[in-house]
Structure formats: structure tokens, C-alpha cells
Amino acid sequence: RFYNRARTEHPGADISLFFMDYGHMRGQSKPADVAILGQRQDAWFAHYLTGEGAKPFEGVEAIRQTCPNSAPSGAPVTAPNWAEIAAGEVRLNAAEAKTIAQAVVDVGGTAFDPVAGPGACASTSGDDQVGTATYRLPEVPAGGYTLMGSPTLVAEIDSPGPHSQIAARLLDVAPDGQQTLVARGLWRPQPGGGPTRQVFQLHPNGWRFEEGHVPKLELLPADVPYGRVTNLQAPVTISNAELRLPVLEQP
């Protein structure tokens, strides 16, 4: 938001964005990626503070998350601005109504714990959990595709209680049935006397969905210990759901 505002109010400002899997809980901070970040910082300060070197690239660069931890991240993806970095979108439309239970015995929360969990490449069984609203996209086709940005859910949400939440996880289910966390987010849906069309986004990531894998969206009443259980949670019903994944590939 700061970047978008600065570019809008000061079109001539020298500003760039650099994203990588770094510096946060579950962040891998791979030495090769950190080295690229250091190069970009040094070149930027050298040019704008000391007048040395050519003008550095201005725009957006992003390095995706990779698993296992030893896997290289690959070269950064670049674009003139954030809006142009994802050329296409993978969508799933699901009209069927699904209800998120008031409480769920969540088997993934501990594994995906950002503080005490086993890390960014932790995996759990890809079986659907009872009491969740779960959506599976078709198997990824030949060539795969790369998420770059925020997975977005557009849906009619019926949340009768004012204190309920939706805990969302986007997962990559491999052919062996094991799943890895790609993105997550928490949302306090608008309460009301019936379904209302609402939009929310999960935290962004850069992630390669390989051929034969299945992206899965899981909606729960809580994502503990990443987030706490809300007070007075009530069942929440989701219908006419649209999952949108921004991807690098052209449509």
C-alpha cells in the first residue's frame, strides 16, 4: 500500500519492491537469496547516496519459496509494478454451500506452527478434515504454474454471529497424499441475516505448483497456534465460492 501510494502521489519517486522468503517465522532465508538482496541494496545505496554505478532496476522483483529447504529458489521474477507481475489467473468456481463447523479437531495447526513447528516445508496428510469447507482445484496440468501474489476468495458468506472468524489455508497436495502449506490468512466475516458477498485475501507467496499436484483451499474456524480461537465462534456457511490464484503464466 505504501508503494502504491508513493507511486500515485509522487510518480517520479525512485522506489522498488523486493520480495523473498526471508526474515519472518517459517522464512528460510536461503544464503543465495540473501546475497541477491544484499547486491540490490548495495547497488541502490551506491547510486543514490554516493553517485556511483548505473541507475539500478526500478520495479518489482520476487523470489519464490521452494521445498525442500535445500532446493534453489531460482532467479528473481521481475515486473514494472506489482499489478503486472502475475500475467494470468487460475480460478475455481464452487456454487455448493459448505458449512464451517463451530469447532474442528485440526491436525495441521501444530505442523504449520510458525514458531515451534518444523519449518516452511512441513507436511501433513492431505485428507480433508471434518467440519471444514474444503475446495480442490483440478490436478495441475503439464508444465505446472506458479502462484505469485495473494490467493483471493470471493464468496457469499452467511455468518450469523458477530464474533466468528474464518481461518484459511492454501495447501499443495502432492501425488503421495502429503500436503504443504502455501499461504494462510484470518478473516472476520461481516455478520448479517443471510449470505452477503465478501472478498478476502490470504497472505501472498510465490510458489510453484508442479504437474500432478492439487491446490487445496481449507477453511476452518481457527488456525491454532498461528492464531487464537475467537470468542463465541458460530457455524459459518460458504456458497458460490470463487478461488482466484494469480500466476506468472499467461492465460
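The exercises below, each with a worked solution, concern a predicted model.

**Exercise 1.** Find which residues touch the most other members of the largest nonpolar core, and which strand gives the most to this core.

*Solution.* Begin with the membership: the largest nonpolar core has 30 residues, and those that touch the most other members are Tyr135, Ile166, Leu170, Phe209, Leu217, Leu219 and Ile238. Turn next to the strands, where S15, covering residues 236-247, gives the most to this core, with six residues. Then look at one of the well-connected members, isoleucine 238, whose contacts, not counting residues up to four places away in sequence, include Ala97, Ile100, Tyr135, Ile157, Ile166 and Leu219, as well as Glu96 and Lys98. Finally, notice that another core lies apart from the largest one; it has eight residues, among them Tyr3, Ile15, Val60 and Ile85.

**Exercise 2.** Determine which cysteines form a disulfide, and which parts of the chain the pair ties together.

*Solution.* Apply the distance rule, under which two cysteine sulfur atoms must lie within 2.5 Å. Cysteine 67 and cysteine 121 have sulfur atoms 2.0 Å apart and therefore form a disulfide, and the count for the model comes to one. The torsion about their S-S bond is about -95°, so the disulfide is left-handed. Now place the two residues: cysteine 67 lies in the loop between strand S2 (60-62) and strand S3 (77-79), while cysteine 121 lies in the loop between strand S5 (98-100) and strand S6 (123-125), so the pair ties together parts that are 54 residues apart in sequence. As a last step, consider exposure, for which partly exposed means a relative accessible area between the limits of 20% and 50%. Cysteine 67, at 29%, is partly exposed, and cysteine 121, at 23%, is partly exposed as well.

**Exercise 3.** Work out the order of the strands in the five-stranded open sheet, and which of them stand at the edges.

*Solution.* Read the order across the sheet, which is S6-S11-S10-S14-S7 with antiparallel pairing. S6 and strand S7 (133-136) each have a single partner strand and stand at the edges, so one side of each is left without a neighbour in the sheet. On average, neighbouring strands of this sheet are turned by 35° against each other, direction ignored. To examine one pairing, take S7 and strand S14 (residues 214-220), which run antiparallel and are joined by four bridges; threonine 134 stands opposite glutamate 218 in S14.

Terms used. Residues numbered from 1 in each chain as written. Predicted model: local features only at pLDDT ≥ 70, side-chain atom pairs only at ≥ 80, totals over all residues. Heavy atoms only, no water. Core = buried A, V, L, I, M, F, W, Y, C linked by side-chain atoms within 4.5 Å. Buried < 20%, exposed > 50% of the residue type's maximum accessible area, 1.4 Å probe, protein only. Contact = heavy atoms within 4.5 Å. Pairing = 2+ DSSP bridges. Axes fitted to C-alpha atoms, helices over the stretch in contact; angles between N-to-C directions.
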